[in-house]
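User: I should like to go through the charged pairs, the chain contact and the cysteines of this structure. Please reason briefly before each result.

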Amino acid sequence: MTRLAAQPGERIDRARALSFTFDGRPVPALAGDTIASALYAAGRRTFSRSFKYHRPRGLMCCAGQCPNCLVAVDGAPGVRACTEPARAGARVEHMNAWPGLEHDAMSAIDRVGGAFTPPGFYYRTFIRPRRLWPAYEFVLRHAAGLGRLPRVQAERDWRTEYRRRHADVLVVGGGVAGLSAAIAAAEHGADVVLADEGPEPGGRLLHEGGHERARALAERARAAGVEILCSAPALGHFDGLVAVWQGDTLHQIRARHHVYATGAIEQPLVFAGNDLPGVMLSGGALRLAALYGVRPGERAVVATTSERGVEAALALSALGVEVLAVADLRPAAGASFSGWTVAQARGRAAVTGAVLEPLPGTPGHGAMRLELECDLVVVSGGESPATALISQAGGRTAYDPARGHFALALASLPAGISVAGQVAGYGGAEEAAASGELAGLEAAGAAGAGGARPARPAGPAPLPAVAEAIPPVTAGRGRAFVCLCEDVTAKDIHRSVQEGYDSIELCKRFTTVMMGPCQGRMCQLASVRTMASETGQELEQVGTTTARPPWSTVPLGALAGRPIEPAKRSSIHGRHRELGATVRWAGDWRRAYDYGDPEGEALAVHRAAGLIDVSTLGKLLVRGPEAGEFLDRLYPNRLSNLKPGRIRYGVLTSDAGRIMDDGTIGRLDEESFYVTTTSSGAGAVEQWFSWWLADWELDVHLSDLTQALSAVNLAGPRSRDILSRLTDADCSAGAFAYLDSRQARVAGVSCLLMRIGFVGELGYEIHFPAAYGEDVWDAILAAGAPDGIRPFGLEPQRILRLEKQHIIVGQDTDSESTPLAAGMPWAVKLDKEEDFIGKWALARATEHPAETALVGFALADGYVPTEGAVVLDERGTAAGQVTSARRSRALDRVIGMAWVPAALAGAGTNITIADDGRRLEARVVTEPFHDPAGELLRS
Amino acid sequence: MSFVLTCPHCGVREVTDFAFGGEVSTRPRVEPSFRELCEYNYFRRNVAGLQREWWYHRSGCRTWFQAERDTRTNAVLRVGLPGEL
């Protein structure tokens, strides 16, 4: 199909062709086209299938407002083809139709199912028998819906950034009013951001002959320093913060003053067949022609409630579209079909004709009718001010009968908000510009920019009313849609009222009207109007529904944004990669999970030696004259009496006696303690320590060394020999005993050595400046090579610690666990005279024995129970759960830990584990599976 | 919820820079009764109005400070280090 002759101000570049695919077929396009304009130019009329009835739908608004052109682009569903730029090579696909857009099997619902599928039918029809619900749900989910997400998305395939922007003034809406406001504010010295949902600012000027003015205004705004965000819809006004989504950035804009120049949304009319492809809003038809040089149709019928439709008819006529008739709903408009409306659009796949009739209550109604053959029905059902964001900010609306819409009550505007242009009732371009300038000056003054505080000039008078109320026409000629997104017809609203859902909010919940992607843009006014006529109320009485964010559809990924915490990697991470490690997330960290053979790596630690990177441990240096007292107050055991050079295990509890974290505390000298925490708890412990320090104001200084130091754990029977080759320090059992710490040079690097054994073999934790990470790692692996040392990852470490029944906080414990019930009563010293966090609660806990206990268990069977599998009591009811389970090659059986009822917690008790239909018999083991007496650890 | 807070060290920042530490309460000085202990551990006043509360500048200087905030409007009246307010 050919395009119109070059249009002044058109957005396309006719010299630059490109091509994308739609459902696999190539579509020619021009640079500057949207996907929709290129498809329309290529002859496509059906763009989507509707939500429920699978009716064909075509372009309607061409402004990203209605739901009719939703497609999937490169696998991402829910993209509006009418605003999405056509990119070379883009893969565009239809949604919600099978096998294809032209022949959708589900459209049978439209032909035969109407009587059986009123609103709420699925709540009623498919509730019995209950066991069939999964089958019903499967069918319903496939029948309804707006596209499908890819099942798998490559990690970090697409992600968004948050951007925070503080400004003096935020202008939402880049039409003539918004641009004028931004210019006025910026030229008075304010720092201004303007967000517009279109690809270029200008609003209606762009397709209504004012493109030169629009571009001049944008130029002037930029010159004045306005930051203009294009293709950037505002999503909501949250306590003064406005979220603006722009591609892969979510701007969080906080301004001292807001100017809303969000314009008005052209409304459709409700008549039979009003959703057929070929029924188009006047703005949509003009945008297609003016911006993209695409002729919207050959023969058109126009129906309008205001001058806007009449002007559109003239413009279309000038473009060579044959305008057969203009039905003007205003009885005294003077046109030949004044007081007439379109009663029906005819056609199956697209409009082939229109039926015009006089309105009910006018002479000739019921007697006269005119049927015209056409391929385009242009409708203009008035304009509804886009007040949603202003309502979120606290503004109120009231029905204005003279204009036929809910208008902003200007007196209700909260402080810090100005409005301009059509949303405020200033209709023409000049009035809108003047109101914008006024709002801009007001904003600059309120924001205190440049000291300018201009006196408020008298504003322009709002335009006189131009639109008449639109009576919904619901004659029995087919479906007349109130809500296109959710396929709600005028008849459905009638039914809703009959069923007793006779307030607009109830009707919304029952029929789902206004809940679709358009967020009420196309249907709120029509719904309220239909409701009013059904219930005999005034529109003001019916009222509107609450305007909730997001105002524009937005991918969840844009809201989720990018994590604020960056991924953390230890300084040895590169080596793990070179060694072929499987890298996985562990909290914020990227960690070596294993090096391909977790069970073999664990065995190497038992038989020779292993080396693991434990740089992720939280590391706090607690210094000062009162450091010992500080730790005594925080931990349930005593630390002030720890001798320099010695280490003690400690479990941190809350004042409710619940386990928060655990780790080791080493005393370096009289006034210095080196505290390690779990990897995932490092931040929380630092926060916890500094909170109490802020409260207690002890003479203590905290330093977080987590990132500054790297750490490795060298473990296994050969580890002493290996370490001895790298240091001058005496590593003999007598000189460097279990739970001793030493400062020493290892491979030339100054290190803190700690003899502790999370993995249950003779072992050394070596902490040193992170810059030497790879040097120390390499040196130890090289020194241990003759002994068969192997690097081991997180997974083998978990096997090893389970063999020792060493708990992992958060894995084996939860927010209810106390150290007493978790098998660590020895870590609580209630005889400590001084107060400590959790003392009172733990003292009470000793008086009331816990109902459950954390124990180890062993399984004869080779099956490894799922973590979270249920432990059954004697009666066969769920009474506990498995927290960890692994296969141990060293022990040649499956071992684990579980919370069990106190009655089943004794060593040797048999317990039953229910796991996904299996019943497993296990035996409780309360002492470590490996080296129960700790001889190896202390060797 | 969205507002800005003034860190006593760093100045005005988005609230998402901070961790909330709850309303300021007093830890019992001597061993409490069971009821007092439970109230201290589990009960909050949860006022609709002016509240003194703890904030931690998590993504900044990592300082704990206190703020007086109107929980109805999120207007922050005063901030200060403990003892300053």
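User: In this predicted model, at what N to O distance do the side chains of Glu383(A) and Arg204(A) meet?

Analyst: The model is a predicted one. Glu383(A) lies in strand S23 of chain A, and Arg204(A) in the loop between strand S9 and helix H6, so the pair ties together parts that are 179 residues apart in sequence. Their side chains form a salt bridge with an N to O distance of 3.1 Å.

User: Is Glu383(A) buried or exposed?

Analyst: Buried residues have under 20% relative accessible area. The relative accessibility of Glu383(A) is 18%, so this residue counts as buried.

User: Which residues do salt bridges that share partners join into one network with Arg204(A)?

Analyst: Arg204(A) itself is partly exposed, at a relative accessible area of 24%. Through shared salt-bridge partners, Arg204(A) is joined into one network with Glu208(A), Glu266(A), Arg308(A) and Glu383(A).

User: How many residues apart in sequence are the parts that Arg256(A) and Asp168(A) tie together?

Analyst: The two side chains meet in a salt bridge at 3.3 Å, N to O. Arg256(A) lies in strand S13 and Asp168(A) in strand S8 of chain A, so the parts tied together are separated in sequence by 88 residues.

User: How much area do chain B and chain A bury between them?

Analyst: The contact draws 28 residues from chain B and 27 residues from chain A. Carbon and sulfur atoms carry 48% of the buried area, which comes to about 2300 Å².

User: Which residues in chain B lose the most area to chain A?

Analyst: Three residues together account for 28% of what the side of chain B buries. They are Glu14(B), Arg27(B) and Trp64(B).

User: How many salt bridges does the rule find across the interface of chain B and chain A?

Analyst: One salt bridge pairs the side chains of Glu14(B) and Arg254(A), at 2.9 Å, N to O. The rule also finds 14 residue pairs in polar contact across this interface. The salt bridges found there number six.

User: Why is the sulfur of Cys230(A) too far from the closest cysteine sulfur for a bond?

Analyst: A disulfide requires sulfur atoms within 2.5 Å. The closest cysteine sulfur to that of Cys230(A) belongs to Cys82(A), and this is too far for a bond because the separation is 16 Å.

User: How many disulfides does the structure hold over all chains?

Analyst: Cys7(B) is in no disulfide, since the nearest cysteine sulfur, in Cys61(B), is 3.6 Å away and the cut-off is 2.5 Å. Over all chains, the number of disulfides is zero.

Terms used. Residues numbered from 1 in each chain as written. Chains lettered and ligands numbered in written order. Predicted model: local features only at pLDDT ≥ 70, side-chain atom pairs only at ≥ 80, totals over all residues. Heavy atoms only, no water. Contact = heavy atoms within 4.5 Å. Buried area = accessible area lost by both parts, 1.4 Å probe. Salt bridge = Lys/Arg side-chain N within 4 Å of Asp/Glu carboxyl O. Polar contact = N/O pair within 3.5 Å; in protein donor to acceptor, adjacent residues only side chain to side chain. Helix = DSSP H or I, 4+ residues; strand = E, 2+ residues; numbered from the N terminus. Buried < 20%, exposed > 50% of the residue type's maximum accessible area, 1.4 Å probe, protein only.
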